Number of protein chains: 2
Amino acid sequence: MTTSSSQVAEKLVHVPLGERAYDILIGPGLIGRAGGEITSRIKGRKAAIVTDENVAPLYLEALTDALQTDGIEVASLTLPAGEKTKSLDHLAAVCDMALAARIERNDAIIALGGGVIGDLAGFAAGIVRRGVRFVQIPTSLLSQVDSSVGGKTGVNSRHGKNLLGVFHQPDLVLADTDTLNTLSEREFRAGYAEVAKYGLIDKPDFFEWLEKNWKQVFSGGPARAEAIAISCQAKSDVVVEDEFENGRRALLNLGHTFGHALEAATQYDSSRLVHGEGVAIGMALAYRFSARLNLASPDDAERVEAHLKAVGLPTRISDIPGEALPVERLMEAIAQDKKVKSGKLTFILTRGIGQSYVADDVAASEVLTFLELQKAR
Amino acid sequence: MTTSSSQVAEKLVHVPLGERAYDILIGPGLIGRAGGEITSRIKGRKAAIVTDENVAPLYLEALTDALQTDGIEVASLTLPAGEKTKSLDHLAAVCDMALAARIERNDAIIALGGGVIGDLAGFAAGIVRRGVRFVQIPTSLLSQVDSSVGGKTGVNSRHGKNLLGVFHQPDLVLADTDTLNTLSEREFRAGYAEVAKYGLIDKPDFFEWLEKNWKQVFSGGPARAEAIAISCQAKSDVVVEDEFENGRRALLNLGHTFGHALEAATQYDSSRLVHGEGVAIGMALAYRFSARLNLASPDDAERVEAHLKAVGLPTRISDIPGEALPVERLMEAIAQDKKVKSGKLTFILTRGIGQSYVADDVAASEVLTFLELQKAR
């Protein structure tokens with residue numbers, strides 16, 4: 001990670017994936033400079049923007065102007081906001097719009113929005129003409145630190161989430177930190193859970209830095225761009241080692257097995273729980289579970305819980321508003337999320353702060369007992 | 001290309017694409033042995049077969065039995081036959097069937113049929129869980145020598161053919177030559193045009209061999225498997241050099257610019273013209289056009305025409321039944337197929353038998369004059 005010379009507050013993370021290498025720029029004012037950043041990296045002079053009804057009124061005009069100023073011909077499609085937009089029907093609409101705009105292999109599809117828009121637009125970029133250029137302009141903290149790095153794209157099926165998609169790396173990511181100023185406090189916090197995750201996976205110094213600097217991350221300014229850049233670099237390091245998710249990339253699922261189960265058990269009702277909150281509770285549970293298995297110290301589990309609590313994130317199953325979640329329903333969701341091989345589950349466990357690892361022999365019965373114990377807390 | 005030890009008539013072509021390397025087996029009786037060939041190469045024990053209404057009554061039961069005998073759990077979907085099946089709607093149906101059958105990354109989607117089924121099933125294999133294993137069992141000569149090698153998959157859009165798809169290499173191709181016995185003479189001939197194409201691109205000895213042995217290729221027996229194997233090897237050589245079609249792979253389009261224009265001008269009416277027939281006329285035109293430009297000798301153009309005629313393929317625009325095709329309509333179709341840059345077109349031209357090359361500076365006006373001249377012939 002280096003600081004760009006043009007602006008003090010701007011960061012650049014290069015993701016070195018050989019022929020598929022790309023840059024992530026992080027800082028304020030990037031939407032206004034999008035045209036130049038794109039034309040210096042991509043040959044085509046046409047772009048198809050995909051966005052949603054929440055983001056379009058805020059940034060679509062500014063982005064369109066910025067692209068046109070640099071001679072890029074622009075088409076755009078504004079879709080409903082929310083997880084339901086990740087469907088094959090919307091994918092077909094995006095592809096049709098891009099083909100009608102005569103997007104060729106050297107032109108770009110641009111995702112302007114959060115993770116839903118990024119996953120959908122990236123999938124379209126991966127299949128239109130068997131692959132066109134792809135630019136991500138993530139407008140939520142979650143998508144800036146997570147879904148915009150790594151090349152996973154996809155839509156949901158009636159059989160489950162993200163079951164259809166391709167690996168298609170972006171050619172450029174513009175993480176404009178100005179867009180985070182329009183996020184609600186709750187959305188920002190939810191994204192922060194993934195920032196903290198990178199510390200907890202294998203960067204104890206970063207976690208310690210967050211414990212000291214989280215207020216500056218929340219209030220904006222240089223610490224915010226710094227935290228985003230370290231997160232993107234951390235994810236990039238894992239993705240470069242395991243682009244197609246055959247091994248180490250599973251570490252990125254720290255907190256996600258419990259988290260997904262909680263999301264499923266609350267029927268993805270965002271008034272009760274959003275993804276980042278599920279991950280926060282999931283990470284706290286992963287540390288507590290590791291402590292119970294005598295892998296990590298209870299002090300570390302408490303330290304994780306204390307920090308997540310301090311920023312306002314939930315850390316216990318009972319923190320979820322509404323009716324209590326029966327343990328059986330959680331176990332069912334875990335079994336559906338994972339392949340259970342002769343009663344054994346794959347989990348991300350930890351030996352301490354920043355010492356997480358992939359364990360593929362966790363007894364389902366141990367998980368059940370642990371979850372039963374949580375009811376008393 | 002080596003001869004397998006187990007059966008004299010069987011050929012094996014290995015496509016050396018690194019991590020995506022795979023084998024093409026060519027010979028009789030392969031459907032009956034599909035289970036063993038798959039289980040020795042692919043870890044999963046589930047398979048989802050995609051086929052069409054013409055092929056299912058002939059081979060679906062035999063394939064299902066063969067797979068089950070080797071312990072593979074089988075699901076299948078039979079779709080309408082024909083080009084219209086290459087749609088996003090049918091893609092969604094195939095994906096849904098595969099997910100309902102709980103196909104995981106190490107399980108296989110199997111294409112049992114011609115090019116349409118191969119392109120559709122391969123696309124599904126490329127996107128279900130971001131990529132599952134893929135086995136091709138091509139049942140037409142065209143798909144055995146062309147679409148089953150190279151990893152191009154796709155469906156059509158209202159904006160054009162094959163505009164949506166992915167590159168997804170198969171893990172195994174079983175070209176069972178017994179299936180060719182149920183093809184009509186016309187279908188076999190159409191596939192043969194692509195066989196001859198490989199000789200005309202860069203294998204003059206193979207073209208000479210075909211001139212002598214084509215009757216044995218048509219009647220079946222060892223010469224048929226030999227011709228298919230040489231064709232697969234030829235396509236493999238080109239694909240290995242240029243997997244993602246950035247250069248040399250364009251040579252495979254010999255005869256296709258004129259051919260596609262003829263198909264479009266006849267509205268893809270297969271009673272008038274099928275793809276292989278368009279390619280046959282297109283190759284004859286490419287040689288005649290090259291002779292007119294003083295690149296190749298008129299003798300070579302006549303030799304190509306004589307051989308295609310001998311096997312019963314059309315070689316002139318006037319060979320197409322029905323109303324005459326106006327030159328303007330052909331030029332329009334050519335312009336739509338190609339990017340015209342300042343009046344220049346990219347064409348595959350030739351300096352003689354087996355001496356084809358990519359020319360990117362062909363004047364549209366030269367093509368027009370040439371096509372006008374064809375009317376008199």
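Two residues count as in contact when heavy atoms of one lie within 4.5 Å of heavy atoms of the other. The structure described here is a predicted model.

**Domains of chain A**

By this contact criterion, eight residues of domain 1 of chain A touch seven residues of domain 2 of chain A. Domain 1 spans 2–183 and domain 2 spans 243–374. Their C-alpha centres are separated by 30 Å. The size of an interface is often expressed as the accessible area lost when the parts come together. Between domain 1 and domain 2 of chain A, the buried area is about 690 Å², and carbon and sulfur atoms contribute 51% of it. On the domain 1 side, the residues that lose the most area to domain 2 are Lys152(A), Lys161(A) and Phe167(A), which together account for 56% of what that side buries.

**Relation between the chains**

A turn of 180° with a shift of 0.0 Å along the axis lays chain B on chain A with an RMSD of 0.0 Å. This is the relation of a two-fold axis. The same surface serves both copies, since 100% of the contact residues of chain B recur in chain A.

**The second largest pocket**

The volume of the second largest pocket is about 270 Å³. Its lining consists of 17 residues, of which Ile317(B), Ser318(B), Ala324(B), Leu325(B) and Lys375(B) are the closest to the centre of the pocket. Two helices of chain B, α12 (327–337) and α13 (364–374), each supply at least two residues of this lining. The composition of the lining by class is as follows.

| Class of lining residue | Number in the second largest pocket |
|---|---|
| Nonpolar | eight residues |
| Polar | three residues |
| Charged | six residues |

Nonpolar and charged residues thus both occur in the lining, with eight of the former and six of the latter.

Technical notes: Residues are numbered from 1 along each chain as its sequence is written. Chains are lettered from A and ligands numbered from 1 in the order in which they are written. This is a predicted model: local features need pLDDT of at least 70, side-chain atom pairs count only at pLDDT 80 or more; totals for chains, interfaces and linings use all residues. Side-chain values use heavy atoms; hydrogens and water are left out. Copies are superposed by least squares on the C-alpha atoms of residues with pLDDT of at least 70 in both. On a 1 Å grid over the protein atoms alone, a cavity is a set of points where a 1.4 Å probe fits but cannot get out, and a pocket is an open set with protein on both sides within 12 Å along at least five of seven lines; lining residues have an atom within 4 Å of a point. Grid points are joined across faces, edges and corners, and a volume is the space filled by probe spheres set on the points. Helices (H or I, at least four residues) and strands (E, at least two) are DSSP runs, numbered from the N terminus. Domain bounds come from an automatic or database domain assignment. Buried area is the accessible area (1.4 Å probe) that two parts lose on being put together, summed over both.
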